[in-house]
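Work through the exercises below with the sequence and the model open. Try each task before reading its solution.

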Amino acid sequence: MTADHTRAPVLEALVDYRREGRLSFTPPGHKQARGADPAVREVLGDAVFLGDVLATGGLDDRLTGGRVLQRAQELMADAVHAEHTFFSTCGSSLSVKAAMLAVAGPHEKLLIGRDAHKSVVSGLILSGIEPVWVEPRWDAERHLAHPPSAEEFEKAFAAHPDAKGALITSPTPYGAGADLRAVAEVCHRRPVPLIVDEAWGAHLPFHPELPSWAMDSGADICVTSIHKMGSGLEQGSVFHLRGELVPPKLLGMRADLLGTTSPSALIFAGLDGWRRQMALRGREIMGAALDLAADVRAAVEKIDGMHVEDRDDFCGPGLAHDFDPLPVVIDLDGLGITGFQAADWLRARRGVIAHLTDHRRIGAQITHGDDRETTGELLAALEDLARAAPGLGPAARVAVPSPSELRMAQVRLPRDAFFGPTEDVPLDRAAGRVAAEMITPYPPGIPAVLPGERLTEPVLRYLSSGLAAGMYLPDPSDPQLETIRVVAREAG
Ligand SMILES: Cc1ncc(COP(=O)(O)O)c(C=O)c1O
């Protein structure tokens, strides 16, 4: 039977709920806004509370007899060429952990590109999985990591034939894509499953000019944040499954360990509505976003001192395989300012919020939600920034290590280092010790330090100089980095 993408089961169930005037004596306790503080209702609007209903026993009946969520997931799977789709209301931070747990268990090995997001590292800490790190492709000149190549995965499997599978991040938050088909082939020759963290790829299935999409490239599990590049509400994420290597029941059971028993119907509705929007009009909508991004790229390139990282900068031998043009990443080296300075100036002076920020770049994510008016404001703000740059003062220098200096040896399991005895040592005495915490420049959220790695001077210098220059580090035990949490001497 062909799927009817004009339907949206979750949205329809919400309409029914209201039309039938259902009266709940269940959570949520605000009871369709009636109990909510009027001041909160004024800020959030009643629509938020009206859509916030109990999922099982509210949106659907007590035994989920209406298959509301199942039908919405089946439609999503159909739209993206998956065999099974699971909705998550806890972001891809949950989805990626569910995927990892479905492939490997405690003390089992998983090959992982070292440019993985911190949620993957949390997954390692919680599960006790042993990571086998796979080298990203480094652009040493731009100080940027692109997804690892299939050859790197091949080498890692040769050294660790007992690995249970592989995980790769593609596209990266900068928009660089891996050769997923080749990586999937390397995995399937074993045969073990490939997980793709495609958190930044919600839009990819819906236009042929966008990078190829994990489910079409042979991946087994693919994780996507619908809230990042799609129209989902924050925390709206999905994971998709194909093939025989991971049983759907097992994936569902592992996800059940992590998920909430009170999922948000609002978030489900956002996922359901995005699928309908894309299934019906995705090509047209994404085509317009691509045209808009192309114009923004051309206009930014003309601004003195700015350079837009384009396909030619990211792709080529030894670099990335594919490229998503919607994240517009701007190199500010020519202006002599950091991305941190630029982002702070844009927000304070123009009310414009940049996404990625690093020691030399900012990123402006263009989506189908933009139009000539929003991009016009962005471009005007960027022009003003270029004029204001000389007055921003000298940029604090970030001591960015070379790619080889950035990589530290993983000498203990992340879980053992994190949960074992620890001590906090002053930064200048931390080199040589084994980290017991994550330290992550955010965004993009790739830990520079993770539990079990032996700390080195260049990485510590990078983080302390980065902090002084305005880098945001949300996760260390001492946010000022005066001390670092390490494995205690007697345990190390
Ligand atoms: C590559 C990658 N994976 C996973 C995540 C986690 O996604 P979420 O914010 O939906 O939990 C992020 C978030 O930025 C990410 O960049």
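Three exercises follow, on domains, a helix pair and the backbone.

The model is predicted, and local features need pLDDT of at least 70, side-chain atom pairs count only at pLDDT 80 or more, while totals for chains, interfaces and linings use all residues. Residues are numbered from 1 along each chain as its sequence is written, and side-chain values use heavy atoms, with hydrogens and water left out.

**Exercise 1.** Describe the interface between domain 1 and domain 2.

Step 1. Set the bounds: the domain assignment gives domain 1 as 9-277 and domain 2 as 403-487 (bounds come from an automatic or database domain assignment). Over C-alpha atoms, their centres are 28 Å apart.

Step 2. List contacts, meaning heavy atoms within 4.5 Å. Domain 1 contributes 23 residues and domain 2 contributes 22.

Step 3. Compute the buried area, which is the accessible area (1.4 Å probe) that two parts lose on being put together, summed over both. The result is about 1900 Å², with 68% coming from carbon and sulfur atoms. On the domain 1 side, R114, K118 and I125 lose the most area, together 36% of what that side buries.

Step 4. Count salt bridges (a side-chain nitrogen of Lys or Arg within 4 Å of a carboxyl oxygen of Asp or Glu). There are 3 between the two domains, and the structure holds 28. K118 also pairs with D475 in a salt bridge, the closest N and O atoms being 2.8 Å apart.

**Exercise 2.** How do helix α4 and helix α11 pack?

Step 1. Locate the helices, which are DSSP runs (H or I, at least four residues) numbered from the N terminus: α4 spans residues 68-79 and α11 spans residues 265-301.

Step 2. Fit axes to C-alpha atoms over the stretch in contact, with angles running from 0 to 180 degrees between N-to-C directions. The angle is about 35° and the axes are 10 Å apart.

Step 3. Identify the residues that meet: L69, A72, L75, M76 and A79 in α4, and F268, L271, D272, W274, R275 and A279 in α11.

Step 4. Examine the charged pair in α11. R275 and D272 lie 3 residues apart, about one turn of the helix, and their side chains form a salt bridge (3.0 Å, N to O).

**Exercise 3.** Where do the cis bonds R190 to P191 and P443 to P444 lie?

Step 1. Read omega: about 0° for R190 to P191, and near 10° for P443 to P444.

Step 2. Place the prolines. P191 is in the loop between α8 (180-188) and β8 (194-197); P444 is in the loop between β15 (422-426) and α17 (457-469). Strands here are DSSP runs of E, at least two residues.
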